[in-house]
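Here is a friendly note to read with the structure open beside you. Please take the points one by one and find each element as you go.

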Amino acid sequence: MSTPASTKASTIRVDLAGRGYDIAIGPGLIDRAGELSRPLLAAPRVIVVSDQTVAPLYGARLAASFDKAGVRTTSITVPAGESSKEFGAFGRLMNELLDRRPDRKTTLVALGGGVVGDLAGFAAAVLLRGVDFIQVPTTLLAQVDSSVGGKTGINTRHGKNLVGAFYQPRLVLADTDVLDTLPKRELLAGYAEVAKYGLIDMPEFFAWCEKNGAAVLSGDAAKRTYAIEQSCLAKARIVAADERETTDLRALLNLGHTFGHALEAETGFGPDLLHGEAVGAGMAMAFDLSARLGLCPADDALRVRRHLGAVGLPVRLRSIGGDNRRQWDANRLIDHMRGDKKAEGGKLAFILTRGIGKTFVSREVDERTLRGLLDDAIAA
Ligand SMILES: NC(=O)c1ccc[n+]([C@@H]2O[C@H](COP(=O)([O-])OP(=O)(O)OC[C@H]3O[C@@H](n4cnc5c(N)ncnc54)[C@H](O)[C@@H]3O)[C@@H](O)[C@H]2O)c1
Ligand SMILES: [Zn+2]
């Protein structure tokens, strides 16, 4: 797979009956947001929701672009980080939105990472029983994952994303330039989800990642655009076929997530381990488990571990958790897996694989094999 040389914006259509929308990907899109959104707006009024890190970086440029297109803009800034997805924070946002006297024709614009996208998307789903919204994702994770597919929501004390709605945006603008200000660690965490699409069912894209991943991460604009485009195409294809996760197809997007979720739960969903980092380690474990079960060639599992490690993701458990070396425990990790909302009727669901690009859902993994794998991963 070769990379096209152009760095022009490209557009991907997400096909959903009656609610299809475009994802534009490329440099400079924030400055074109007004012009690109204007034809889709029910009225020339938007409220931009952003966070305290992103708003000072890109808020003024976005507002200027809407202004130039004759769109009246106000903005609301929430604290950066997962705490803005708490119930209390959500309630405050709803009241602040209502303070701006929106009507059914007002459009919300989410400018930020997955936190702002999930929060503002859910706010749009319920504000006045539903107003339109546009996503301007600013993290790699948000550009390749959370802004595609229409899942929105907030957290509760019972777990993350347990209150929410399927609610599709009218447009997604993924400006690849904004990734230049993203901390390297956040960029890498998003990259794990990029590689994931190759591992799910696009082996030639994974091979492309092996060759070009380092360039994507170090800022090659054309390769960045290509990686985001392929990721969005992959997710859009899967979502269009299974919007509400009613079959096993959309579940494949959870490759690495059963393990990853357990690692995140054990590290308290905190700064010791970002979601994408957990997914990277989780994918390596899912391939190892598949190899151990005789399903997948050991060489493929090795390739996954090697590539994720080479770009700088923490694939070994002992490299997770900063200086204070963590005491992992297989039983506790299994308990966390059982608490995962994807565990149906107590049966653990794993995305396993017959090789790179050959994943499938399994609910048949016996606990002895799983425990053996975890014990070895902890000892490695
Ligand atoms: N809806 C979905 O389908 C879906 C899928 C995956 C993840 N998520 C959700 O996404 C959230 C995580 O998203 P995230 O990883 O983007 O985290 P995030 O939104 O917290 O962003 C990470 C950090 O980067 C900062 N940031 C964002 N863009 C920046 C930029 N361009 N330059 C500098 N700093 C920038 C943010 O302020 C924040 O501090 C989680 O809440 C998760 O549940 C949702
Ligand atoms: Zn994920």
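1. Start with a pair of helices: α13 passes α14 in a right-handed crossing, where right-handed means that the near helix is turned clockwise from the far one by less than a right angle, and left-handed means anticlockwise. The axes of α13 (residues 330–339) and α14 (residues 367–379) come within 9 Å and cross at roughly 125 degrees. That makes α13 oblique to α14. As for the word oblique, angles under 35 degrees count as roughly parallel, over 145 as roughly antiparallel, 65 to 115 as roughly perpendicular, and the rest as oblique. Axes here are lines fitted to C-alpha atoms, for helices over the stretch in contact, with angles running from 0 to 180 degrees between N-to-C directions.

2. Before going on, please keep in mind that this is a predicted model, in which local features need pLDDT of at least 70, side-chain atom pairs count only at pLDDT 80 or more, and totals for chains, interfaces and linings use all residues. Residues are numbered from 1 along each chain as its sequence is written, while chains are lettered from A and ligands numbered from 1 in the order in which they are written. Helices (H or I, at least four residues) and strands (E, at least two) are DSSP runs, numbered from the N terminus.

3. A second helix pair is α10 (residues 257–266) with α11 (residues 275–292), which pack at an angle of about 130 degrees with their axes 7 Å apart. These two helices are therefore oblique to each other. Here too the crossing, α10 past α11, is right-handed.

4. Now look for the open sheet of 7 strands, with mixed pairing and the order β1-β2-β9-β6-β5-β3-β4. Strands β1 (10–14) and β4 (72–78) stand at the edges with a single partner strand each, so one side of each is left without a neighbour in the sheet. On average, neighbouring strands of this sheet are turned by 20 degrees against each other, direction ignored. Two strands count as paired if DSSP finds at least two bridges between them.

5. Which strands pair with β9 in the parallel sense? Strand β2 (residues 21–26) does so over 5 bridges, and β6 (residues 132–137) runs parallel to β9 with 2 bridges. In the β2 pairing, Ala 24 stands opposite Leu 173 and Ile 25 opposite Ala 174. On the β6 side, Ile 134 has Leu 171 as its bridge partner.

6. Are the residues of β9 buried or exposed? In β9 (residues 171–175), 5 of the 5 residues are buried, so the strand is largely enclosed by the rest of the structure. Buried means that 20 or more other C-beta atoms, placed from the backbone, lie within 10 Å of the residue's own; exposed means 12 or fewer, and partly exposed is in between. Leu 171, Leu 173 and Asp 175 point one way from β9, and Val 172 and Ala 174 the other way.

7. Finally, visit β7 (residues 151–156), where 5 of the 6 residues are buried, so this strand is also largely enclosed by the rest of the structure. A hairpin through 2 residues joins β7 to β8, and the two strands pair in the antiparallel sense over 5 bridges. Thr 152 stands opposite Ala 165 in β8.
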